[in-house]
Amino acid sequence: MGKNAWVGLQIVGIVVMVASAQAVIRLLIDHSKSQVWGLLDWVPGGWGGQLTVLVVLAAAGALLAGRANHKVKLLEA
């Protein structure tokens with residue numbers, strides 16, 4: 001993969017992380033409100049299940065962005 005592809009993956013990772021982290025904060029403040037436009041209403045476990053999915057998504061976005069950033073730095077060197 002080229003440098004531009006890794007930069008694109010880095011952007012995707014950052015967007016996923018930011019959106020998920022924002023949804024986690026909103027879920028912690030308002031337990032009853034549907035998060036991410038109702039996309040997680042299917043998750044079993046109610047509030048705890050949704051919180052778990054959002055935290056995992058935020059962590060996955062951070063890992064993807066970090067890995068892509070590392071690859072971009074290696075390609076620049």
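## A bridge between two helices

The side chains of E76 and K3 come together in a salt bridge, with 3.2 Å from N to O. This is a predicted model, and it holds 1 salt bridge. The pair ties together distant parts of the chain: E76 belongs to helix α2 and K3 to helix α1, 73 residues apart.

How open to the surroundings are the two partners? E76 counts as exposed, because its relative accessibility is 53% and the cut-off for exposed is over 50%. K3 has a relative accessible area of 39%, so K3 is partly exposed.

## Checking the two helices

Let's start with helix α1, which covers residues 3-29. What span should its 27 residues have? At 1.5 Å a residue, α1 should span 39 Å, and its end C-alpha atoms are indeed 39 Å apart, so the two values agree.

Now try helix α2, which covers residues 46-76. With 31 residues at 1.5 Å each, the expected span is 45 Å; the end C-alpha atoms of α2 are 45 Å apart, so this check agrees as well.

## Where the helices meet

Which residues of α1 are buried? They are W6, Q10, G13, S20, A23, V24 and L27, and what covers them includes α2. In α2, the buried residues are G49, Q50, L51, L54, A58, G61, A65, A68 and V72. These buried residues of α2 pack against α1.

Q10 is a good residue to find in the 3D view. Q10 sits in helix α1 and counts as buried, because its relative accessibility is 18% and the cut-off for buried is under 20%. Leaving aside residues up to four places away in sequence, Q10 touches A65, A68, N69 and V72. Among the buried residues of α2 are A65, A68 and V72.

## The largest nonpolar core

In soluble globular proteins, nonpolar side chains tend to be buried together. Here, the largest nonpolar core has 7 residues in all: A23, V24, L27, L40, V43, L51 and L54. Both α1 and α2 supply at least two residues each to this core, and α1 gives the most, with 3 residues. One member, A23, touches Q35, V36 and L54, not counting residues up to four places away in sequence.

Where does L40 sit? L40 lies in the loop between α1 and α2. With a relative accessible area of 9%, L40 falls under the 20% cut-off, so L40 is buried. Apart from residues up to four places away in sequence, L40 touches Q35, Q50, V53 and L54. The C-alpha atoms of L40 and V53 are 8.3 Å apart, while the two residues are separated by 13 residues along the chain.

## A nonpolar patch on the surface

Some nonpolar side chains can be found on the outside too. V12, V16, L57 and L64 make a nonpolar surface patch of about 270 Å². Each of the two helices, α1 and α2, supplies at least two residues of the patch.

Is V12, one of the patch residues, buried or exposed, or something in between? V12 is in helix α1, and its relative accessible area is 45%, so V12 counts as partly exposed. Helix α1 therefore has residues of both kinds: Q10 is buried at 18% relative accessibility, whereas V12 is partly exposed at 45%.

Conventions. Residues numbered from 1 in each chain as written. Predicted model: local features only at pLDDT ≥ 70, side-chain atom pairs only at ≥ 80, totals over all residues. Heavy atoms only, no water. Helix = DSSP H or I, 4+ residues; strand = E, 2+ residues; numbered from the N terminus. Buried < 20%, exposed > 50% of the residue type's maximum accessible area, 1.4 Å probe, protein only. Contact = heavy atoms within 4.5 Å. Expected span 1.5 Å × (residues − 1). Patch = residues over 30% accessible without salt bridge, like charges linked within 9 Å, V, L, I, M, F, W, Y side chains within 5 Å. Areas by Shrake-Rupley, 256 points an atom, 1.4 Å probe, with all protein chains shown as cover. Salt bridge = Lys/Arg side-chain N within 4 Å of Asp/Glu carboxyl O. Core = buried A, V, L, I, M, F, W, Y, C linked by side-chain atoms within 4.5 Å.
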